[in-house]
Amino acid sequence: MKKHKRKRNPLRWRPPLDARAAVEECLRTMLPPGAALPEEGADWIRSGALDSMAHAEVVVCIEKRHRLRGFFDRLPGGPPRSTKAAIEGLKAAASGRTPRPGPPQGVTPNEPRTQVCLAGWGHRVGAELVPAACVEKEHGLPPDTILRRAGIESVARAKGGETELDLAVKAAESALARAGTAAPEVDLIVVTSETFLGLPSLGFALHRRLQLREDCGVLDVGGACAGLVNALFVGSSVLRSSTARLALVVTADVHGQALRAGQVDGRFAGLFGDGASAFVLRSVPQGSNGAHFSPGEFVMGCTAASSRLISLAPDGHGGVHLDFDGGALGRAAVRQLDVLLHQLESRSGCRLESASSFATHQPNPRLLEMLARQSGLSIERFPVVCRNFGNLGSSTAGVALSLALEQHSPRANEKPGPIFIAALGPGLVLAGCVLQCGQGPSPKPRVGRTAGKPSGKSAR
């Protein structure tokens, strides 16, 4: 009788041949050139070898190389802070037969009845750029807390009592002018903001200020930092499924009133700036000619495992109660943005290497650089918003997208690569989209089964 060879289980994770070498290799990426490795049992942060952001990147690096996304956060003591603890963590993963997380199953989108093109864009940030040193002094933070640890050099602040509405109007007017259209032609306005409070809504106020038609619809959508993608999804879906021909998508955030010094931890509040973005979506017949970007596949989802990493709510005494774990939140953000980008790649058929830009949410520059390294992408393809303007909330990805479109707007004889949009909201709520340039059929999505549970579901 022939002996049947036992089939290897492809889902079983196998430890590296030398766990120590694997950990030290990731450590060296964050240490200065020529620096000695920390002692095996030395705490990486307390010894001064790594700061909190570098520690987060080393942890993500180890997990990513060995397909153990999120594993260290599930350990009883939290992520390892020494070489010895990291090696023991890898051994624990091996003994537990941790499965490899795979890409999500591809979904073939339905063919839309009409095509949506991005006809105009614009943005506006607060006119006052406040240096990081001034922000630190304002919030009572030690020097270099904002600049050195987060990499933010200044934040944009609205001046002279400017509100979300004021910034939104200026961004919208720029987008309409670039599209060569007048406000009365708008059939639908979709607005998102994480800072506006009050009734009537910001969408209503913008409708009135722009003097739009009475039969122009108004929708206010949420999502915080993921709000831009939510708004683009709603606007595109309405245009593809109704007689509406023109939609205006707007984001606007002014954090100064919501995150006041002395009321909210300055390590969090000091990172935020003020800004707005706007985009004109136009419905055109399927297969029509012309060089423009079109919203393609959307990916949305929610990872409940990260729900306790950040919460912000009124404290009942006129202030704000904040509860957040900065280190864990940073690690989760890098992991999920990386996963989201690869989900978009899988479902759209557009390779990340072919992208002209990545318009992503940017909590701070160091996290953005970490995302680029862990995703194997050039940081030059990420329009950096947070370094000079700070975290703009729902407008961060919007301003990044506006900058990307200014740089790569299609021309008659040029066809730029796709633009990937990826953002996370508190929770974590996931939202992403791929903008593709030109006409004709979209690339065929790659379809495959997954071993692990996908982080989000495809929205069509």
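**Helix packing, a β-α-β unit and two backbone details**

Mentor: In this predicted model, Arg67 lies in the loop between helix 2 and helix 3.

Trainee: What makes the phi of Arg67 worth a remark?

Mentor: The phi of Arg67 is positive, at about 55°, although Arg67 is not a glycine.

Trainee: Helix 2 comes before that loop. Why is helix 1 called oblique to helix 2?

Mentor: Helix 1 (residues 19–28) and helix 2 (residues 52–65) pack at an angle of about 135°, and their axes are 9 Å apart. Roughly perpendicular ends at 115 degrees and roughly antiparallel applies over 145, so an angle between these limits counts as oblique. Helix 1 is therefore oblique to helix 2. Their crossing is right-handed.

Trainee: Which residues make the contact between helix 1 and helix 2?

Mentor: Helix 1 contributes Val23, Glu25, Cys26 and Leu27, while helix 2 contributes Val58, Cys61, Ile62 and Arg65. By class, this contact of helix 1 with helix 2 has six nonpolar, no polar and two charged residues.

Trainee: How do you know whether helix 2 is roughly parallel or roughly antiparallel to helix 11?

Mentor: Helix 2 packs against helix 11 (residues 365–375) at an angle of about 20°, with the two axes 11 Å apart. Angles under 35 degrees count as roughly parallel, and helix 2 is therefore roughly parallel to helix 11. Helix 2 passes helix 11 in a right-handed crossing.

Trainee: What makes up the contact between helix 2 and helix 11?

Mentor: On helix 2 the residues are Met53, Ala54, Ala56, Glu57, Val60, Cys61 and Lys64; on helix 11 they are Arg366, Leu367, Met370, Arg373, Gln374 and Ser375. The residues of this contact divide into seven nonpolar, two polar and four charged. Cys61 of helix 2 is also listed in the contact with helix 1.

Trainee: Why is helix 1 also called oblique to helix 3?

Mentor: The axes of helix 1 and helix 3 (residues 83–95) come within 9 Å and cross at roughly 125°. With roughly perpendicular reaching to 115 degrees and roughly antiparallel starting over 145, such an angle falls among the rest. Helix 1 is therefore oblique to helix 3. This crossing, too, is right-handed.

Trainee: Which residues meet between helix 1 and helix 3?

Mentor: Ala19, Arg20, Val23 and Leu27 in helix 1 meet Thr83, Ala86, Ile87 and Leu90 in helix 3. By class, the contact of helix 1 with helix 3 has six nonpolar, one polar and one charged residues. Val23 and Leu27 of helix 1 appear in the contact with helix 2 as well.

Trainee: How do you know that strand 4 and strand 5 pair?

Mentor: Five bridges join strand 4 (residues 188–192) to strand 5 (residues 217–221) in the parallel sense. Pairing requires at least two bridges, and five bridges satisfy that condition. Val191 stands opposite Asp220 in strand 5.

Trainee: What do strand 4, helix 7 and strand 5 make?

Mentor: Strand 4, helix 7 (residues 202–210) and strand 5 make a right-handed β-α-β unit.

Trainee: What makes the peptide bond from Leu199 to Pro200 cis?

Mentor: Its omega is near 0°. Pro200 is found in the loop between strand 4 and helix 7.

Technical notes: Residues are numbered from 1 along each chain as its sequence is written. This is a predicted model: local features need pLDDT of at least 70, side-chain atom pairs count only at pLDDT 80 or more; totals for chains, interfaces and linings use all residues. Side-chain values use heavy atoms; hydrogens and water are left out. Axes are lines fitted to C-alpha atoms, for helices over the stretch in contact, and angles run from 0 to 180 degrees between N-to-C directions. Helices (H or I, at least four residues) and strands (E, at least two) are DSSP runs, numbered from the N terminus. Angles under 35 degrees count as roughly parallel, over 145 as roughly antiparallel, 65 to 115 as roughly perpendicular and the rest as oblique. A crossing is left-handed if the near helix is turned anticlockwise from the far one by less than a right angle, and right-handed if clockwise. Contact means heavy atoms within 4.5 Å. Ala, Val, Leu, Ile, Met, Phe, Trp, Tyr, Cys and Pro count as nonpolar, Asp, Glu, Lys and Arg as charged, and the others, Gly among them, as polar. A crossover is right-handed if, with the strands pointing away from the viewer, the path from the first strand over the helix to the second runs clockwise.
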